[in-house]
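Here's a quick walk through a protein model, written for someone who'd rather be at the bench. Have a look at the sequence and structure first, then read on.

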Amino acid sequence: MHLDQNWSASLVGHPIFSLPKAFSGPLARPTSSLELSTNTLPSFTNVDPAVDELTPSGRRQVMVLKDADLIVAAGNEVRITSLGDAKANRTKQTYKTLHTPNIQFEIHQISLNPSGKLLAVAGAFQVAVIVLPRAGFSRLVPDTLDCNTAAPIAKIEWHPWGEAGSTLMVMSTDGKLREYDISVDTDEPQQILSFIPERKTNSILAIDSSEREIASFTLGKGSADWGPLTIYAVTKSGDVYSICPYLPQNASIPSSYVHSLECFISAKQEFLAQGTSAETRNLSTLYDYQHKYVTALIKQLPPGTVFPSVSRPVLIHPPTTIKSPAARQGPFLLQPSPRTLDGSEGGDATDIAYLSFDADGDEEDNDGKETEHLGVVVIAFQDGKVDVCLDVEKVEARWETKVPNRDLPMLAVYETIDLGLMSTLNKISLAPGQVPLSDLLQGNHPVFLLDPIHTETFYVYHAFGVHGLNIGPVLQSLASALHNDDDSGATSLHAALQNSAGTTVQPILSTFSVERKCSNPVIAVTIPNDVYLTYSIFILTSAMRITSFPLNLQADSPHAPSGHPSPPDKDSGRFNQKSFWLTPLEGPPAYVSLLQKTPYTPAPALHRSSGLPKLPKLSLPKATGSDEGFVLTPDTLRYLGEVGRELANQSTAVKLAVKQADERVKLQQQEVYRMGQKTNQMNALIEQLKGPRRAVSETRLEAIQTKQKALLGRLDRVLQRMMEQASPGISENETKWFEELGRMKAEVMGFGRYDDESLVARTRLLEREYARLTPTLKEIFEKEKHKKEKNAEINQALGFSQAFELGERSNSERVRIAEVEKQVLDLAVKLEITVGKPPMQ
């Protein structure tokens, strides 16, 4: 099991991680150029369009995973190998190089499309797309996009809703976001969005250049709002902008999302219809535009996708009903203002990411899911600062109008995280006249990587290592605060937010050498998301040194509610309710447990939920031939002292945790022994209740029943005696009542057996007369019915005079029947009975 979990360690010597060709041969470049130091800092900060070197400033991601295949970019080469083969055969490790003659630039970023068939590669100013082979490796010629601009490329990303996964978004630092559809046209972009307006020639405002340079962008998320149609971009100055709505020219959208968005807008329109203020009218106009936009989307849905049918991807194009382009919204108001790190003058923003925490379970069960649709925006800066912002006011679709919107969107700043880069560099002693090491932060470019399995975990890799961040405690605090707010009001919410937990920060890898005062920047981090590969994290440095860590899978996300109900508290009302049959005795309880009411939780020193080490692993630059041997400097001693102190603290914490666990085990053993004794006592008591005591109880019960019967008989006798004493004779009213009952009985039953005037005799006579007349009436009815049928047949051929004669005869017969009916009814009236309708009717 241990070997299966750490099989990724065999990749350390894999040939796919060999240095590019530029570092071999007679004209080889020195490996020191891969290091970030005060000597090589200009190559990390200066960008020259004519010289595209391996170490430019900006985003780096040169390693991705396609199922079980690992793809690595080295220089202008694209290498690929199978991790499944490396896992099965660790002695023979090989890789293949894709034949890409059109790529003549150094690759800085690679991105795999959602279908896994296309690979986008980007240099500092150029972008190319490679069609990956289905099986095996072959010679491939990539499609080169016409994206050679004067502005460097900030980021490339495939849109998840692009049709067939062929929509590539390319953001340049001048704020131009170009959308390319590889299946349609690789030369001209399908759409161009501008996050930076054109500079006015007659403007006299002094604007910092960092405010007009885009550092990165990300796509919003959501389920029934405008989140998936929103793009967020951050400038180097830290300003956040957004554009909504944005939809690829050829998009494949789930049909359920379109219906959910329609319900969302309709609900807001119904709410605004109740208001009459000017602001309400302005919002109504905006929602009318949104409704028109969504209506155009619904018209494109094919038949069979009407809500609530099963959701399926549907090809949709951006609506053209609204001619105005989508408006740029921002800059966002960050409330409260993010704090500045101690000793830092503030660095440029480098990356932005959007985290969403939609629940995957049954959406109808929303108990405990207060943070289900919460969005979190994280922003990274060069000095190691990470701002965690809550997207409490979702961005909505807006379009450019003649009257610009003065209302700025807002992000709630929850906390500011310090990765400790500034403090680490400032603690190192320098020689007189030496450049401060804090200047190395100018070449630092932190980048976010979201965990594909656990949505509350994300990673930040930069020039000095990798940090893992877990936002689960924040979500737990927010969920608890919102839940308490529903019960006790806004005061508890404010207090809960003041005492809420922060994001857990875990340093994973350190690439900075305290001795040499240089670092190998991390250029790629990837996490397998394949069933045949172990859940782990791969980290690649600029020296092509790979480091891997196995990770632990968590059954439930920390912010998600558990599927099992929590046990109720013994002090709650459920346990205090008295049973109808078993009433607890007054006084102390019969049994008191040695254990606490709350369940036992292991100490944090013994808990490693992620599987990452407590101390960061070192991946330092290798010493060159000109470097001296190991030199013990004050900085080295200080580092060793800090590490030793941390190890001693961890060792002490582990010892205390083990001692606490041992005490807990002993306590539980005592509790088990006491419970065993109590169980034996209860078993003995049960045997007594089932044996001798049961026979005694049954005998007593029989005696009680006999005594009860005797008491009931005595009670009847006493009651009868009391009634006789209280009223020995019959009262006048009772006498009249009995006389009336006798008269009624005589009237109904008669005074004798042959009394013809009794109601019983008269009823029987009526029944006999009815039985005698009924056959005659039925016979007459059948004859009349037969005559009508004959008359109907004869009338077809009879003349007027014959039909008239038959009609007169029929009328005479009807008169006779009426007379018979009248006689029967008169007889019924005389007998004072009710008869039914004659059969003829």
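## Backbone oddities

M544 counts as buried, at 7% relative accessibility (buried means under 20% relative accessible area, exposed over 50%, partly exposed in between, with a 1.4 Å probe and protein chains only). Before going further: this is a predicted model, where local features need pLDDT of at least 70 and side-chain atom pairs count only at pLDDT 80 or more, while totals for chains, interfaces and linings use all residues. Residues are numbered from 1 along each chain as its sequence is written, and side-chain values use heavy atoms, with hydrogens and water left out.

Back to M544: its phi is positive, near 60 degrees, in a residue other than glycine. It sits in the loop between β31 (536-541) and β32 (546-550); strands here are DSSP runs of E with at least two residues, helices are runs of H or I with at least four, and both are numbered from the N terminus. D67 has a positive phi of about 60 degrees too, and it isn't a glycine either. Its home is the loop between β1 (63-66) and β2 (69-74), and at 54% relative accessibility D67 is exposed.

Then there are the cis peptide bonds. One joins C244 and P245, with omega about 5 degrees, and P245 is in the loop between β15 (240-243) and β16 (251-254). Another joins G330 and P331, again with omega about 5 degrees; P331 falls in the loop between β18 (328-329) and β19 (333-335).

## Salt bridges

How many salt bridges does the structure hold? The count is 19, where a salt bridge is a side-chain nitrogen of Lys or Arg within 4 Å of a carboxyl oxygen of Asp or Glu. Here are some of them:

| Pair | Closest N to O distance |
|---|---|
| E35 and R516 | 3.2 Å |
| D387 and K385 | 3.9 Å |
| E732 and K736 | 3.7 Å |

The E35 and R516 pair links distant parts of the chain, 481 residues apart: E35 is in the loop between α1 (2-5) and α2 (41-45), and R516 is in the loop between β28 (512-513) and β29 (518-519). E35 is buried at 5% relative accessibility, whereas R516 is partly exposed at 24%. D387 and K385 are both buried.

E732 and K736 are 4 residues apart in helix α12, so about one helical turn separates them. E732 is exposed at 57% relative accessibility, and K736 is partly exposed at 49%. Elsewhere, salt bridges that share partners join K21, E77 and R79 into one network.

## Surface patches and cysteines

I730, W737, F738, L741 and M744 form a nonpolar surface patch with about 540 Å² of accessible area together. Patches are made of residues with over 30% relative accessible area and no salt bridge, joining like charges within 9 Å and nonpolar side chains within 5 Å. M744 belongs to helix α12 (residues 732-749) and is partly exposed, with a relative accessible area of 42%.

There's a positive patch as well, formed by K707, R714, R717 and R721. R721 is in helix α11 (residues 692-726) and is exposed, at 52% relative accessible area.

As for disulfides (pairs of cysteine sulfur atoms within 2.5 Å), a search of the whole structure finds 0. Of the cysteines, C389 is buried at 0% relative accessibility, and C518 is buried at 2%.

Note on methods
Areas by Shrake-Rupley, 256 points an atom, 1.4 Å probe, with all protein chains shown as cover. Lys, Arg positive; Asp, Glu negative; His and termini not counted. Charge placed at Lys NZ, Arg CZ, Asp CG, Glu CD.
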